[in-house]
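Welcome, and please take a moment with the sequence and the 3D view below. A guided walk through some of the details follows.

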Amino acid sequence: MPTTTLLSVPSSSFTLFPLNSSPSSSSPTAILLSNKVLKHRIQTKIVIFQRKPIKIGLVRAAMSLEKETPETERPQTFLRESDGHDEVISPSSVRARFEKMIREAQDSVCEAIEAVEGGAKFKEDVWSRPGGGGGISRVLQDGAVWEKAGVNVSVVYGVMPPEAYRAAKGAAATDQKPGPVPFFAAGISSVLHPKNPFAPTLHFNYRYFETDAPKDAPGAPKQWWFGGGTDLTPAYIFEEDVKHFHSIQKSACDKFEPTFYPRFKNWCDDYFYIKHRGERRGLGGIFFDDLNDYDQEMLLSFATECANSVVPAYIPIIEKRKNLPFTDQHKAWQQLRRGRYVEFNLVYDRGTTFGLKTGGRIESILVSLPLTARWEYDHKPEEGSEEWKLLDACINPKEWI
């Protein structure tokens, strides 16, 4: 998902609002929080409220959601002065630079997709959130090349209750007094489903999450995390394509830390795992979450490099495969693999399942799903066939480079 998200984007995080929440039925965005909070979702009710804290009991996972407001124009920035935190509007802050990065990445990816499409354009919806922030959701559906493509950004901030803050910080927050905790969450998320069965699906998602000290606990350290990844989900293996894709991911990682690619490649294989099938959703890529054990400036640059690597990693593959002739058998196999994509997102993806359990907006949560998918009873590809080779690679992850 992969998604995210922003989409029902695969992520080891969960949504602060319904995954891909937006004012339009076809317009997703995703706001993602650390999975440290998700681990406490059975005990903690998380309520995002505007200025006035309310008393929260320990209940089963549920969430009170602010209603988004449709906007007619894109703002220059979603950041504004809020609760006296001047950093929110400082152009040099990590928040401002991360927003700038994801919005530029959204533009570049959408421009590349529309250039390949040669006609179809993204539908755009802009929304704002009363408590702070907003998002831009773009969806292209039933085009010449892509069955469905969503590329979405969101930037939200406000305050969270102390229970959520303690869940996010774990043991480090045990001595903090209760009080509303300022937070910030921003991300870009995308899932791209091509029509041609020889052209692979792509998911990518990059996000940043931050909390300030509670107002009645001045001096407490600020907490922040980066997360995200890019992964490839083909129906058929073209080894040169997979090697190209992974080489771009490795190159992005190697510019910052030589251990990143092998570490995040394994993390990706482990996360996008369909347990009841004993197979991965696709052929992997990179994935990371809760990353804060490196210099913040370095990780901001790393996330930027990863986001900027999406187009060169993916578009050349699409250009080569989008017009290849295919049979009904090829299409049926693609639909079966799309079924696996649906299974992972609905059963295991933490963002999607959290959104469903907390009464989120269904159209927004499920926007990352393909237009069509297929299930056959006890389907087994013939051993040695091209379909079998793909399934074998999903069961037994390979080192592609």
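## A strand between two neighbours

In strand E14, Phe226 has Leu291 as its bridge partner. Before going further, note that this is a predicted model, in which local features need pLDDT of at least 70, side-chain atom pairs count only at pLDDT 80 or more, and totals for chains, interfaces and linings use all residues. Residues are numbered from 1 along each chain as its sequence is written, and side-chain values use heavy atoms, with hydrogens and water left out.

Phe226 is one of the residues of E11, and 5 bridges join E11 to E14 (residues 285–291), the two strands running antiparallel. Strand E10 (residues 201–211) also runs antiparallel to E11 and is joined to it by 11 bridges. There, Asn205 stands opposite Gly229 of E11. Two strands are said to pair if DSSP finds at least two bridges between them.

How many of the 11 residues of strand E11 are buried? The count is 11 of the 11 in residues 223–233, so E11 is largely enclosed by the rest of the structure. Here buried means under 20% relative accessible area, exposed means over 50%, and partly exposed lies in between (1.4 Å probe, protein chains only). One side of E11 carries Gln223, Trp225, Gly227, Gly229, Asp231 and Thr233, while the other carries Trp224, Phe226, Gly228, Thr230 and Leu232; both faces are covered.

## The chain as a whole

Stepping back, the protein chain has 11 helices and 14 strands. These are DSSP runs numbered from the N terminus, with helices (H or I) of at least four residues and strands (E) of at least two. The chain has 401 residues, and 60% of them count as buried. Its accessible surface is about 15,700 Å², with 51% of that belonging to carbon and sulfur atoms; the areas come from the Shrake-Rupley method with a 1.4 Å probe, and for residues only the protein chains shown count as cover.

## A helix with a buried side

Helix H11 (residues 386–395) has Glu387, Leu390, Leu391, Ala393 and Cys394 as its buried residues. They sit on the same side of H11 because they cover an arc of only 160° around the axis, an arc taken from the directions from the helix axis to the C-beta atoms. An α-helix has 3.6 residues a turn, so residues three or four places apart point the same way. The buried residues of H11 pack against strand E13 (279–280) and helix H8 (328–347).

## Pocket and cavity

On a 1 Å grid over the protein atoms alone, a cavity is a set of points where a 1.4 Å probe fits but cannot get out; a pocket is an open set with protein on both sides within 12 Å along at least five of seven lines, and lining residues have an atom within 4 Å of a point. Grid points are joined across faces, edges and corners, and a volume is the space filled by probe spheres set on the points.

The largest pocket holds about 260 Å³ of space. It is lined by 14 residues, of which Arg277, Arg340, Asp378, His379 and Lys380 are the closest to its centre. H8 and H11 are the elements that give two or more residues to this lining, and H8 gives the most, with 4 residues.

The largest cavity has about 90 Å³ of space. Its lining includes Pro197, Thr233, Gln334 and Tyr341. Here, too, the largest share comes from H8, with 4 residues.

## Four residues to look up

Which places do these residues occupy, and how accessible are they? The table gathers them.

| Residue | Where | Relative accessible area |
|---|---|---|
| Gly187 | strand E9 (residues 181–194) | 0%, buried |
| Asp290 | strand E14 | 17%, buried |
| Phe256 | loop between helix H4 (239–254) and helix H5 (260–271) | 25%, partly exposed |
| Asp378 | loop between helix H10 (362–365) and H11 | 51%, exposed |

Asp290 has a positive phi, near 50°, in a residue other than glycine. Asp378 is not a glycine either, and its phi is positive at about 55°.

Gly187 and Val156 are 31 residues apart in sequence, and their C-alpha atoms are 9.4 Å apart in space. For Phe256 and Ser301, the separation is 45 residues in sequence and 8.7 Å in space, C-alpha to C-alpha. Leaving aside neighbours within four places in sequence, Phe256 is in contact (heavy atoms within 4.5 Å) with Met298, Ser301, Phe302 and Glu305.
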